[in-house]
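Let's take a walk through a protein model together. Keep the picture open beside you and look up each residue as it comes along.

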There are 2 protein chains.
Amino acid sequence: VPVSNRGMPIETPSSSEPDTPEWVRHAVFYQIFPDRFGRANTDTDLVFQSSTLEAWDSPPTPTGYKGGNLPGIRERLDYLQGLGITALYLTPVFQSPANHRYHTHDYYQIDPLLGGRRAFDALLSTLHERGMRLVLDGVFNHVGRGFFFFNDVLENGEKSPWVDWFRIKRWPLYAYDRNHRANYACWYDNPALPQFNHNNPAVREYIMRIAEYWLGAGIDGWRLDVPHHVTAPGFWQEFRQRVKSVNPEAYLVGEIFKDASQWLDGSQFDGVMNYPFAVATILFAVDDRCRAKYLRSFGTHEHKPLSAEEYAARISHLLGRYPWNIQLSQYNLLNSHDTARLYTLVDGDEDVVKLAALLLFTFPGAPSIYYGDEVGLPGAPDPDCRRSFPPSSEWQEAIFACYQQLVSLRHRYAALRIGRYKALWAQAKSYVFCRCLDHQNLIIAVNAGREGTSVSLTDQIVENLSSPTLLYGVAQLNWTEAGNSKRLVLELPPKSGVVIGTDVS
Amino acid sequence: VPVSNRGMPIETPSSSEPDTPEWVRHAVFYQIFPDRFGRANTDTDLVFQSSTLEAWDSPPTPTGYKGGNLPGIRERLDYLQGLGITALYLTPVFQSPANHRYHTHDYYQIDPLLGGRRAFDALLSTLHERGMRLVLDGVFNHVGRGFFFFNDVLENGEKSPWVDWFRIKRWPLYAYDRNHRANYACWYDNPALPQFNHNNPAVREYIMRIAEYWLGAGIDGWRLDVPHHVTAPGFWQEFRQRVKSVNPEAYLVGEIFKDASQWLDGSQFDGVMNYPFAVATILFAVDDRCRAKYLRSFGTHEHKPLSAEEYAARISHLLGRYPWNIQLSQYNLLNSHDTARLYTLVDGDEDVVKLAALLLFTFPGAPSIYYGDEVGLPGAPDPDCRRSFPPSSEWQEAIFACYQQLVSLRHRYAALRIGRYKALWAQAKSYVFCRCLDHQNLIIAVNAGREGTSVSLTDQIVENLSSPTLLYGVAQLNWTEAGNSKRLVLELPPKSGVVIGTDVS
């Protein structure tokens, strides 16, 4: 059943398209939770080597540290580059009293347990030498309660010079008292996370300068934590201007779970973390074996698997929602530090994992691998989804091979990165689309059903259909050319997908 | 009544004398409480200009800030240098949530309200251009409870990587709960001030590096807060070695209120804050008008005024206690941020204030003026002794003139700085001593009594007694020279003192 073209994205960027960083379109991101990826003692300072870390392979706990650090990331750059990774997004690295480091204590310090500033500079310069990029996590809505300016308010109450930096409701403050609710604005009523008063021009300027400072230090962009909670008018517009003034190619990606139109008009972010894509893709890729409860960690209450038709409609809607240049710099993902891992969500069904990965790496926008996903690291929702990176003896080799192929394929074919997207076929659990760039036409065909299926494509459906080649996956291709009529019939095994090149130059 | 020579200091340094910084012997210190000395908007950052400061001339409160800053000090350097000040000791300037800044939040940051690092560098370089020195306050026994490493323990409990940095007694920690006593080692049971575990080598190294860092940044020494509470073996010995390796002329002065022999053997400090001198001098200078209660802020329960004989014995004991090179680098004071001001202690009796100042500026060791003392700023014990520096319309001009003369005198006569000290006469409330350097003999004679008195000095008492000149103060000198017999009779008015030069070259 060919799908209509209604809702498909514009095929050529118009002159009013927002400027977004060229490099992001070609990037493959890798998200690292620094406490859990690699731990190295090289270049780290004896003073800050803790003797009370948890065992590397022990289960994650809310408050325990495994001691992963920046030298541990630097040591694995061969691995990452070998996999085809071109950019890292690190969850926060600033000094913070939390293993996830979202409780910022000082925006200008690299956490000592991570190796401090020296380790950071070494990592950043090594990345750049390799032509890789680094995006940091900017948590500018709230701070940790030990953050200096809040700490001063806590100690001095109404007399603090910094009382206007926060939104205090009543005195005295209850910041550490479980018998009282926090009486100041804080993130989801969590007293550990006081919110900035972004209406205070000093606070605003303070944050802008942090952004500028780290760009000046060489980072390639900011992932912005809960930006929808920062509602001061013009805040993110100014943020973009300040950031792009330092580096016009800096990438700004917001953590917006739902419709992000408000932030993706070109005046604020280059893209958002594409959770709607993740939810739709997972719900389409799974058949019925999906732990619905775990899906909530994706910010959704959905759990019903999607048919191909429903998936096509979702994708169509999603691609129609934002300008094309934004689509190309979306941060596409299947998992993050906030979600259960897909592998666990589907009870270790490798076929589903591979199928979803295929849809990720063939979608417009930068694909991101959440560290460990590529080797089938399991993980229930937070904190379990933050397990330490496993030794190779525990890798799921089939998943790893799949990821290697998909990353490689994406790098090989520009059409997968910047070619236009066109849905071709959607029926039951079969979905077919193409990515087309000039004469480079790639057809991606997926059967998410439990039974084998057949898809028939004609030259009325696929432009320039000719001499098909199987580039990825397993399927039987039946190609017939009779006069002006061309037909490609694909026999797709259950829970599988393929990439087919037609007239690939 | 001439005093015996028993207990007098050795007259020439022996070869086993400790090395102490030459410059300190010639220094006149000025202690500044940075929140209260000067406030300037030049060079300060709009972001960190608070709108909730207390009025400059309002009474000090435990938690309020007046907004004094480092540019405010830099602006007044003409004043200080005009007065003859050669070195500043600043109470803490590191980022801290307290107006006195003894609750350290970050040892590597200059407090933003003080103007931050830029203002600090500007102050330091201007001081050095003027040939002036800067000594900072090193608070290395305890930290503020917002200090990163403690904050992490507070947030993560036993799982914190930094749990060994402190001495935890029980879990969970009570740091902000008034219904529980602090269950970790803290300074005088104050939960706001957790103590370091100095037995942890990492902590020790962490502190040593802070000391080295700021010396590397150019400071001229450290005043060390409550060093007797840091009891880890060898700690202060290593501290001295590390500091002197960066700058052999750096000054190390400990805050020891009582007998400091343990720290003044040459292996640790160059001197201590000389509170025993202050107490003896004040109790001798006062007659009966002294607010005994306020004297407790000097770390003493004494309050009975001293006779000249008692004062002579105290001074003799004090000078006999430490090596002569140490004596010359003692930090002598009458007041500090921890004491009631002498002016208030004696109910504004200017004569007593001037008399004590005379004894301060003629004593071996570096005299220190606690900001405002030179203009008669009043102050009951903490927090009242931390009033803002007053406008000139509120200065006690007679006290200011006295301080100006005494500083000038000390700079003019090397004997006052490095000459040997010899007590000559002690009776009732009259005390006479000399400072002698080569042929420069200065006699200091003081009458702390309420009646005029007469003192008779012969060449048996004063070596090389000849042609006396009144250099400071008011007295009638009767000089007789008959054959080999010389006699100087001084008629001293009540509550007054003089400096007399004999054979001054």
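## Starting at Tyr275(B)

Leave out residues up to four places away in sequence, and Tyr275(B) touches Ile256(B), Phe257(B), Phe298(B), Leu333(B), Ser336(B), Asp338(B) and Thr339(B). This is a predicted model, so treat what follows as a description of a prediction. Tyr275(B) sits in helix 8 of chain B, which covers residues 275–285. Take one of its partners, Leu333(B): 58 residues separate it from Tyr275(B) in sequence, yet their C-alpha atoms are 6.9 Å apart in space.

Is Tyr275(B) buried or exposed? It's buried, because its relative accessible area is 1%, and the cut-off for buried is under 20%.

## Helix 8 in chain A

Now hop over to chain A and find its helix 8, residues 275–285. How many of its 11 residues are buried? The count is 10, so this helix is mostly covered. The buried ones are Tyr275(A), Phe277(A), Ala278(A), Val279(A), Ala280(A), Thr281(A), Ile282(A), Leu283(A), Phe284(A) and Ala285(A).

Here's a handy bit of background. An α-helix has 3.6 residues a turn, so residues three or four places apart point the same way.

## Zooming out on chain A

Time for the big picture. Chain A has 15 helices and 18 strands, and its C-alpha atoms fill a box of roughly 85 × 50 × 45 Å along the principal axes. Does the radius of gyration of chain A suit a compact globule, or what else would you expect? For 505 residues, a compact globule would come out near 23 Å, so the 24 Å of chain A agrees with that.

Buried residues account for 63% of the 505 in chain A. Look at contacts between residues at least 6 apart in sequence, and 70% of them link residues at least 24 apart. On the outside, chain A exposes about 17,800 Å², with carbon and sulfur atoms supplying 48% of that area. As for charge, chain A has 48 positive and 55 negative charges, and the mean positions of the two sets are 3 Å apart.

## Two nonpolar cores

The largest nonpolar core has 161 residues, and Tyr30(B), Trp222(B) and Phe239(B) touch the most other members. A second, separate core has 160 residues, including Leu83(A), Leu173(A), Val203(A) and Leu359(A).

Which residues does Phe239(B) contact, leaving aside neighbours within four places in sequence? They are Phe140(B), Ile207(B), Met208(B), Ala211(B), Trp222(B), Leu224(B) and Leu252(B).

## Two buried loop residues

Loops can hold buried residues too, and Thr91(B) shows it: this residue lies in the loop between strand 2 (87–90) and strand 3 (94–95) of chain B, and counts as buried at 0% relative accessibility. Beyond four places in sequence, Thr91(B) touches Gln31(B), Ile32(B), Phe33(B), Pro34(B), Tyr102(B), Asp137(B) and His337(B). Thr91(B) and Ser336(B) are 245 residues apart in sequence, with their C-alpha atoms 9.8 Å apart in space.

Phe48(B) is in the loop between strand 1 (29–32) and helix 2 (70–74) of chain B. With 18% relative accessibility it counts as buried, because the cut-off is under 20%. Again setting aside residues up to four places away, Phe48(B) touches Phe149(A), Trp162(A), Trp165(A) and Tyr206(A) in chain A, plus Pro112(B) and Leu113(B) in chain B.

## Unusual backbone spots

Most residues other than glycine have a negative phi, and most peptide bonds are trans. Where should you look for exceptions? In chain A, a cis peptide bond joins Trp171(A) and Pro172(A), with omega about -10 degrees. Pro172(A) is in the loop between helix 5 (148–156) and helix 6 (201–216). In chain B, Trp171(B) and Pro172(B) are joined by a cis bond, also with omega about -10 degrees.

Two chain B residues have a positive phi without being glycine. Asp438(B) has a phi near 50 degrees and lies in the loop between strand 12 (430–437) and strand 13 (440–447). At 66% relative accessibility, Asp438(B) counts as exposed. Lys495(B) has a positive phi of about 45 degrees, and you'll find Lys495(B) in the loop between strand 17 (485–492) and strand 18 (496–502).

Methods
Residues are numbered from 1 along each chain as its sequence is written. Chains are lettered from A and ligands numbered from 1 in the order in which they are written. This is a predicted model: local features need pLDDT of at least 70, side-chain atom pairs count only at pLDDT 80 or more; totals for chains, interfaces and linings use all residues. Side-chain values use heavy atoms; hydrogens and water are left out. Helices (H or I, at least four residues) and strands (E, at least two) are DSSP runs, numbered from the N terminus. The radius of gyration is taken over C-alpha atoms; the globule rule is 2.2 Å times the number of residues to the power 0.38. Buried means under 20% relative accessible area, exposed over 50%, partly exposed in between (1.4 Å probe, protein chains only). Contact means heavy atoms within 4.5 Å. Accessible areas come from the Shrake-Rupley method with a 1.4 Å probe; for residues, only the protein chains shown count as cover. Lys and Arg count as positive and Asp and Glu as negative; His and the chain ends are not counted. The place of a charge is taken as NZ of Lys, CZ of Arg, CG of Asp or CD of Glu. A nonpolar core is a set of buried Ala, Val, Leu, Ile, Met, Phe, Trp, Tyr and Cys residues joined through side-chain atoms within 4.5 Å.
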